[in-house]
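Work through the exercises below with the sequence and the model open. Each task is followed by a stepwise solution.

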Amino acid sequence: MEINFECKKCSGIFDSDVGIIKMDERTFRPDFEKSIMCPKCGIRTIDEVLLTELGQSQMTEATMYI
């Protein structure tokens with residue numbers, strides 16, 4: 001699954017293939033199969049990126065049926 005993110009370090013907006021998305025039932029945070037990859041900064045954690053408006057829609061769509 002491709003999700004649109006904004007990198008907090010470089011402020012770049014990019015799509016990253018995160019694979020299968022699961023939700024952690026304890027924290028209610030997404031758990032991605034693949035790492036988030038910023039084209040400028042490399043691998044980023046969920047705390048090092050922001051979901052764009054498009055990314056929020058993509059996450060909602062991806063997790064609707066979980």
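**Exercise 1. Decide whether Cys 38 is buried or exposed, and whether Cys 38 is in a disulfide.**

Solution. Step 1: Cys 38 has a relative accessible area of 3%. Buried means under 20% relative accessible area, exposed over 50%, and partly exposed in between, with a 1.4 Å probe and protein chains only. Cys 38 is therefore buried.

Step 2: a disulfide is counted when a pair of cysteine sulfur atoms lies within 2.5 Å. For Cys 38 the nearest cysteine sulfur is that of Cys 10, 3.8 Å away, and Cys 38 is in no disulfide.

Before going on, note the basis of the values: this is a predicted model, in which local features need pLDDT of at least 70, side-chain atom pairs count only at pLDDT 80 or more, and totals for chains, interfaces and linings use all residues. Residues are numbered from 1 along each chain as its sequence is written, and side-chain values use heavy atoms, with hydrogens and water left out.

**Exercise 2. Apply the steps to Cys 7, then state how many disulfides the rule gives.**

Solution. Step 1: Cys 7 counts as buried, because its relative accessibility is 1%. Step 2: the nearest cysteine sulfur belongs to Cys 41 and is 3.8 Å away, and Cys 7 is in no disulfide. Step 3: the count of disulfides by this rule is zero.

**Exercise 3. Describe the surroundings of Ser 16.**

Solution. Step 1: Ser 16 sits in strand S2, residues 13-17. Strands (E, at least two residues) and helices (H or I, at least four) are DSSP runs, numbered from the N terminus.

Step 2: with a relative accessible area of 3%, Ser 16 is buried.

Step 3: leaving out residues up to four places away in sequence, Ser 16 touches Met 1, Glu 2, Ile 3, Phe 5, Ser 35, Ile 36 and Met 37. Contact here means heavy atoms within 4.5 Å.

Step 4: Met 37 also offers its backbone nitrogen, which the side chain of Ser 16 reaches at 3.0 Å.

**Exercise 4. Summarise the chain as a whole: what pattern does the chain follow, and what is its radius of gyration?**

Solution. Step 1: the chain has seven strands and one helix, in the sequence pattern β-β-β-β-β-β-β-α.

Step 2: a compact globule of 66 residues would have a radius of gyration near 11 Å, and the chain agrees with its 11 Å. The radius is taken over C-alpha atoms, and the globule rule is 2.2 Å times the number of residues to the power 0.38.

Step 3: the C-alpha trace spans about 30 × 20 × 15 Å along its principal axes. Of the 66 residues, 30% count as buried.

Technical notes. Polar contact = N/O pair within 3.5 Å; in protein donor to acceptor, adjacent residues only side chain to side chain.
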